Amino acid sequence: MSVNTKQRIGEDIWKLKTEKINAELFTLTYGSIVTQLIKDYEDYNEVNRQLEKMGYNIGCRLIEDFLAKTNIPRCKDFKETAEVISKIGFKIFLNIVPNVSNWSPDEKEFSLIFDENPLTEFVELPEDAMDLWYSNILCGVIRGALELVQMQVECEFVNCTLHGDDISEIKVKLIRILEEEVPAE
């Protein structure tokens, strides 16, 4: 399946099969969740862990919706998986298409580069919050979704415009392909 085909699939599903919500409401609601986590834990590293954990749980559920809406076959390799995440997954659920780049020589690690991130609209981090990866929930979503299609990955933010970087970047690394297990009877 070509990159253009993937992009068209993502666009078609966004237009025809995705229930929309107000972007500002979504952004402000997410901001309220992050704010509450900061108040509850008073430790940015713990907030990062909690956001990733929440995202993991969301990803485990979103993958079923994604597969039902797209009806696409299993990806043939990790490179195709990256393109599907970018061109279809992010398009369907956030109406953005991050760029896939920075492939490692063994093609087991890549970056998602975000020109825009709806989660960070209206957000400025205080100077003492540079340990906070505000959109870390996205790393958890990717990890949870891929785990349910038998790919164990590590996923982390390495750059963020909220930290003063020029781009926001998530690094995704394939750890291993998981064996499909038959449930015990």
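In the predicted model, Asp65 has a relative accessibility of 30% and therefore counts as partly exposed. The side chain of Asp65 meets that of Lys69 in a salt bridge, with a distance of 3.4 Å from N to O. Both residues belong to helix 3, where Asp65 and Lys69 are four residues apart, about one turn of the helix. Lys69, in contrast to its partly exposed partner, counts as buried because its relative accessibility is 17%, and the cut-off for a buried residue is a value under 20%.

A second pair in helix 3, which spans residues 44-70, is formed by Arg49 and Glu46, whose closest N and O atoms are 2.9 Å apart in a salt bridge. Because Arg49 and Glu46 are three residues apart in this helix, about one helical turn separates them. Arg49 has a relative accessible area of 47% and is therefore classed as partly exposed. Glu46 is also touched by Tyr41, which, when residues up to four places away in sequence are not counted, has Val47 and Gln50 as its further contacts. Tyr41 itself is found in helix 2, residues 23-41, and at 36% relative accessibility this tyrosine counts as partly exposed.

Helix 5 contains a further pair, Glu147 and Arg143, which lie four residues apart, about one turn of the helix. The side chains of Glu147 and Arg143 meet in a salt bridge at 3.9 Å from N to O, a distance that falls within the 4 Å cut-off applied to such pairs. Glu147 is partly exposed, with a relative accessible area of 26%, and Arg143 is likewise partly exposed, with a value of 23%. These two residues do not stand alone, since Glu52, Arg143 and Glu147 are linked in a network of salt bridges. Glu52 lies in helix 3 and is buried, with a relative accessible area of 16%. When its neighbours within four places in sequence are left aside, Glu52 is in contact with Asn136, Cys139, Gly140 and Arg143. In general terms, side chains of opposite charge can pair when their charged atoms come close. A search of the whole structure finds seven salt bridges, among them the pairs Arg49 with Glu46, Lys69 with Asp65 and Glu147 with Arg143.

Acidic residues also occur outside these pairings, in that Glu24, Asp115, Glu116 and Glu121 gather on the surface in a patch of negative charge. One member of this patch, Asp115, is placed in the loop between strand 2 (109-114) and helix 5 (137-148). With a relative accessibility of 66%, Asp115 counts as exposed, the cut-off for this class being over 50%.

At the level of the whole chain, five helices and four strands are present, and from the N terminus on these elements run in the order α-α-α-α-β-β-α-β-β. Of the 185 residues of the chain, 47% count as buried. Among the contacts in the chain with a separation of 6 or more, 60% are accounted for by residues 24 or more positions apart. The accessible surface of the chain comes to about 10700 Å², and carbon and sulfur atoms contribute 49% of this area.

Terms used. Residues numbered from 1 in each chain as written. Predicted model: local features only at pLDDT ≥ 70, side-chain atom pairs only at ≥ 80, totals over all residues. Heavy atoms only, no water. Patch = residues over 30% accessible without salt bridge, like charges linked within 9 Å, V, L, I, M, F, W, Y side chains within 5 Å. Areas by Shrake-Rupley, 256 points an atom, 1.4 Å probe, with all protein chains shown as cover. Lys, Arg positive; Asp, Glu negative; His and termini not counted. Charge placed at Lys NZ, Arg CZ, Asp CG, Glu CD. Helix = DSSP H or I, 4+ residues; strand = E, 2+ residues; numbered from the N terminus. Buried < 20%, exposed > 50% of the residue type's maximum accessible area, 1.4 Å probe, protein only. Contact = heavy atoms within 4.5 Å.
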